[in-house]
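Me: I would like to go through some of the labels attached to this model and see what each one rests on.

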Amino acid sequence: METVAEGRETDMLVVGSGAAGLVAALAARTEGRSVTVVEKAGTIGGTTATSAGVVWVPNNRHMRDLGMTDSREDAITYMTRLSDGRSEEAAIAAFVDAAPAVIDFLEEATGLRFKVLEQYPDYFAEFPGGKPCGRSLDSGLFDTNELGPWKDRLRASPIFQFVPMSVTEFFAWKAGVEPMNVPIDTVMKRVGDGFVGYGAALVGQLFRACLACGVEFLIPRQAQGFLVENGRVVGLRTTHDGKQSELRARRGVVLASGGFEWDRALCARFLGGVLTHPASPPSNQGDGLRMLMTLGVGLANTTEAWWCPTVSIPGEEYDGAPLFRGEFTIRALPHSIIVNRKGARFVNEAHNYNDLMKAFFRFDPATYERPNFPAWLVFDSTHVEKYPVLTSLPGSPPPQWVPRGATIAELASTIGADPSGLSATVKRFNGFAVAGVDADFARGEALYDRVYGDARESNPCLGALQKPPFYALQLHAGALGTKGGARVDTHARVLRPDGAPIPGLYAAGNVAAACAGAGYPGAGATIAAAMTFGYLAGRHAASIGDAPH
């Protein structure tokens with residue numbers, strides 16, 4: 001579905017249609033500039049559309065409306081600690097300063113009405129500058145019929161599309177612990193009526209606003225390289241249906257093409273090959289990163305990702321590739337533990353997904369191995385009776401492909417773990433469960449630990465593994481996306497290795513170096529940063545004087 005005549009020149013070209021690209025397009029278009037979005041997939045929304053659609057925005061006005069306090073200083077202090085030295089001070093400050101304005105801009109320019117997720121703390125709420133609530137915002141629901149003929153072009157989540165609910169409703173209905181509380185008639189009516197939630201709702205409302213104000217879309221069309229004249233980026237080389245063409249931009253090109261997590265060669269080069277099961281659309285193959293490298297741009301944070309453990313259900317696919325599901329709930333609920341091949345625990349299972357994964361990567365220099373791979377999520381029949389497991393409701397046995405054993409030792413033998421080691425680990429953990437205190441990893445003590453726990457328990461995350469049969473799910477090294485790429489300045493301009501901006505070129509989202517560095521401040525931090533730097537790019541490109549052709 002192409003709405004731009006071949007060879008037409010526009011003010012701004014945007015590569016990618018996730019939150020970063022759509023906000024960049026909207027920001028420039030509302031300033032009166034013509035904008036064309038180029039998207040290689042057959043759908044609009046990128047990684048954002050498959051996410052929870054939450055945005056993490058410090059010092060937002062919705063916090064203040066509820067009487068919650070925040071400050072620029074607190075946000076910068078908190079983000080700086082989590083960045084672990086992998087983000088520049090100016091990038092963190094640019095995000096903190098601009099993100100609240102982005103929320104205000106979007107609520108004025110679109111149908112979005114963000115709402116504070118009162119159940120969601122920062123991932124390290126106990127750290128200086130962290131907050132127990134208020135920074136993570138829900139984007140609500142969206143009626144896809146409002147997209148008219150573009151309705152079927154909105155990317156569908158492989159998981160969330162079947163349960164259109166807001167994140168606020170997910171917690172209010174206790175869907176992760178007591179799924180039978182979900183008003184199924186309401187949800188099914190929404191499905192029939194064309195409503196979506198989570199990331200698709202966020203993208204849908206951004207997409208609708210872009211269409212309404214005249215942003216033009218080329219889909220599917222793949223960007224292959226930049227047009228450069230006298231050191232300035234003036235357009236793109238693209239392909240469509242096997243035909244090559246050139247598109248020109250008077251004011252700039254915003255690269256918002258996503259990460260490289262589905263490209264094994266790039267993952268081996270930058271991440272050491274540990275990322276094997278990404279939980280994002282398979283179109284994230286590093287096209288933008290390779291385009292940037294041909295220009296010799298400055299790169300940063302390329303050894304980091306938005307890490308997340310994933311599980312694989314045999315036969316599940318998405319866009320022609322295996323589907324890997326992020327695992328957030330089973331590991332945080334009682335009657336479950338994570339163990340390595342020795343049957344030993346090595347991490348607080350309820351920890352936030354990004355930092356939990358780093359424990360998996362521990363390297364033993366004596367053996368040149370990572371002893372925490374493979375890793376298994378082990379749980380008992382009490383867990384199965386009380387909680388959902390993947391696609392199984394409480395009380396229903398897990399699918400037959402899930403390994404099991406009549407005893408802990410038998411399960412260990414089945415999955416290739418050390419039987420005596422796993423038996424000793426379970427015995428020790430059961431003692432912690434009875435006492436209500438995890439003396440090894442403090443599971444259940446931090447505010448975030450309890451988000452996906454069972455509030456009916458004194459420690460929402462602890463419960464003994466006693467009732468056979470016992471089960472195990474292998475956990476894989478996954479990520480919601482990579483977070484390294486072009487260094488950008490406070491206007492989202494791409495920088496050369498010497499720090500000078502490349503005229504006409506901007507980057508936002510996972511193709512740029514994340515301002516979060518190594519950390520993950522809270523739910524929605526990746527989308528909020530993508531939107532903020534997309535906004536900065538769009539506004540700057542729209543405001544500069546007419547560029548030479």
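Me: Why is E88 called partly exposed?

Reply: In this predicted model, E88 has a relative accessible area of 40%, and because partly exposed covers the range between under 20% for buried and over 50% for exposed, E88 belongs in that middle class.

Me: What makes the pairing of E88 with R487 a salt bridge?

Reply: The closest N and O atoms of E88 and R487 are 2.8 Å apart, and since the criterion asks for a side-chain nitrogen of Lys or Arg within 4 Å of a carboxyl oxygen of Asp or Glu, the pair qualifies. E88 lies in the loop between α3 and α4 (89–109) and R487 in the loop between β19 (485–486) and β20 (493–495), so the salt bridge ties together parts that are 399 residues apart in sequence.

Me: How do you know which class of exposure K386 and E457 belong to?

Reply: K386 has a relative accessible area of 27% and E457 one of 30%; both values fall between the 20% and 50% limits, and therefore each residue counts as partly exposed. Their side chains also meet in a salt bridge, at 3.1 Å from N to O, which is within the 4 Å cut-off.

Me: Why is the link between R135 and D70 said to tie together separate parts of the chain?

Reply: The side chains of R135 and D70 meet in a salt bridge at 2.7 Å, N to O. R135 lies in the loop between β4 (115–116) and β5 (136–138), whereas D70 lies in the loop between α2 (61–65) and α3 (72–83), so the joined parts are 65 residues apart in sequence. Both R135 and D70 are buried.

Definitions and conventions: Residues numbered from 1 in each chain as written. Predicted model: local features only at pLDDT ≥ 70, side-chain atom pairs only at ≥ 80, totals over all residues. Heavy atoms only, no water. Helix = DSSP H or I, 4+ residues; strand = E, 2+ residues; numbered from the N terminus. Buried < 20%, exposed > 50% of the residue type's maximum accessible area, 1.4 Å probe, protein only.
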